[in-house]
Amino acid sequence: MDMETNGFLGYAFIDHEQGMGVEVLCTGNFNAESKALRLEKEDVLSRVTIPMEAIAEMDILVVPSNAPVLEIFSAKVKLVNLEHACAENVLATRKVVNMDSCRRNYYPDDIYVQLIKGDEQIEQCSVRVEGIEKFSLYGTLLNEPTKEFGVHQGDKISFFNVKNAQGIMCIAVFE
């Protein structure tokens with residue numbers, strides 16, 4: 001008797017440009033009552049990657065990364081880790097937890113930064129964070145500012161993580 005496919009075992013990852021995703025390791029039948037996933041035969045040639053935001057509303061059961069079942073899929077897990085590896089300087093920025101409120105949902109390397117010039121020129125833009133300098137962070141501006149700051153989409157900018165009356169935010173100050 002064939003079982004109904006209604007779930008999958010996935011491996012979550014972060015891609016520097018494409019954000020958070022899940023690689024399907026194997027499909028199966030999930031029994032909600034027992035919270036057990038009966039795995040189907042693995043199709044080693046198939047690859048399915050799903051953006052995390054596409055499954056955000058689904059019921060998810062998190063399995064620890066050291067679960068014995070993952071050993072079966074170690075080759076696929078190694079491949080996913082290799083494909084989505086990022087530089088050490090980017091990994092360091094993911095550990096800056098006081099910047100979490102500035103991160104774009106499902107894209108932890110994309111930060112909302114307030115561009116500031118003078119007292120009245122303020123605009124929020126997205127920056128793909130690339131690393132940490134001595135007293136600041138730096139990254140690539142992802143969108144074209146509508147106001148004149150002297151920087152454009154694709155430019156590298158430095159910014160600071162600050163706490164002020166509005167809360168924790170990232171700011172880049174221009175002359």
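In this predicted model, a good place to start is H16, whose side chain makes a polar contact with the side chain of E130 at 3.3 Å. H16 sits in the loop between β1 and β2, and at 16% relative accessible area it falls under the 20% cut-off, so it counts as buried. From there, the tour takes in a buried arginine, two nonpolar cores, the largest pocket and a handful of loop residues.

**Around H16**
- Setting aside residues up to four places away in sequence, H16 touches V90, R94, D109, D110, R128, V129 and E130.
- So E130 turns up twice for H16, once as a polar partner and once in the list of residues touched.

**R103, a buried arginine**
- R103 belongs to strand β5, which covers residues 103-104.
- With a relative accessibility of 11%, R103 is under the 20% limit and therefore counts as buried.
- Its side chain goes for backbone oxygens: R103 reaches that of P108 at 2.5 Å and that of V96 at 3.2 Å.
- Beyond four places in sequence, R103 touches T93, R94, V96, P108, D110, I111 and Y112.
- R94 and D110 appear among the residues touched by R103, and they also appear among those touched by H16.

**The nonpolar cores**
- The largest nonpolar core has 18 residues, and M99, I111, V113, L115, I157 and F159 are the ones touching the most other members.
- Strands β6 (107-117), β7 (121-132), β8 (137-141), β9 (156-164) and β10 (167-174) each put at least two residues into this core.
- Take F159 as a way in: leaving out residues up to four places away in sequence, it touches M99, I111, V113, V127, V129, S136, L137, Y138, G139, C170, I171 and A172.
- There is also a second, separate core of nine residues, with L9, F13, C26 and F73 among them.

**L25 in strand β2**
- L25 lies in strand β2, and its relative accessibility of just 1% makes it buried.
- Apart from neighbours within four places in sequence, L25 is in contact with L9, G10, Y11, E42, L70, F73, K76 and V77.
- Two of those contacts, L9 and F73, are members of the second core.
- L25 and P68 are 43 residues apart in sequence, with 14 Å between their C-alpha atoms.

**The largest pocket**
- The largest pocket has a volume of about 820 Å³.
- Its lining takes in 25 residues, and F8, G10, I60, L61 and V62 are the ones nearest the centre.
- β1 (7-15), β2 (19-31) and β3 (36-39) each contribute at least two lining residues.
- The largest share of the lining comes from β1, which gives six residues.
- By class, the lining is made up of 19 nonpolar, four polar and two charged residues.

**I55, in the loop after β4**
- I55 is in the loop between β4 (49-51) and α1 (74-83).
- Loop or not, I55 counts as buried because its relative accessibility is 5%, under the 20% cut-off.
- Not counting neighbours within four places in sequence, I55 is in contact with V22, I50 and I60.
- I60, one of those contacts, is also one of the residues nearest the centre of the largest pocket.
- I55 and A87 are 32 residues apart in sequence and 27 Å apart in space, C-alpha to C-alpha.

**Loop residues with more solvent access or positive phi**
- K35 is in the loop between β2 and β3, and it counts as exposed because its relative accessible area, 55%, is over 50%.
- The phi of K35 is near 55°, a positive value in a residue other than glycine.
- S34 is found in the loop between β2 and β3 too, but at 47% relative accessibility it counts as partly exposed.
- S34 and H84 are 50 residues apart in sequence, and their C-alpha atoms are 33 Å apart.
- Y106 is another non-glycine residue with a positive phi, here about 70°.
- Y106 lies in the loop between β5 and β6 and is partly exposed, with a relative accessible area of 29%.

Note on methods: Residues numbered from 1 in each chain as written. Predicted model: local features only at pLDDT ≥ 70, side-chain atom pairs only at ≥ 80, totals over all residues. Heavy atoms only, no water. 1 Å grid on protein atoms, 1.4 Å probe; cavity = no way out; pocket = protein on both sides within 12 Å on 5 of 7 lines; lining within 4 Å. Points joined across faces, edges and corners; volume = space filled by probe spheres on them. Helix = DSSP H or I, 4+ residues; strand = E, 2+ residues; numbered from the N terminus. Nonpolar A, V, L, I, M, F, W, Y, C, P; charged D, E, K, R; others polar. Core = buried A, V, L, I, M, F, W, Y, C linked by side-chain atoms within 4.5 Å. Buried < 20%, exposed > 50% of the residue type's maximum accessible area, 1.4 Å probe, protein only. Contact = heavy atoms within 4.5 Å. Polar contact = N/O pair within 3.5 Å; in protein donor to acceptor, adjacent residues only side chain to side chain.
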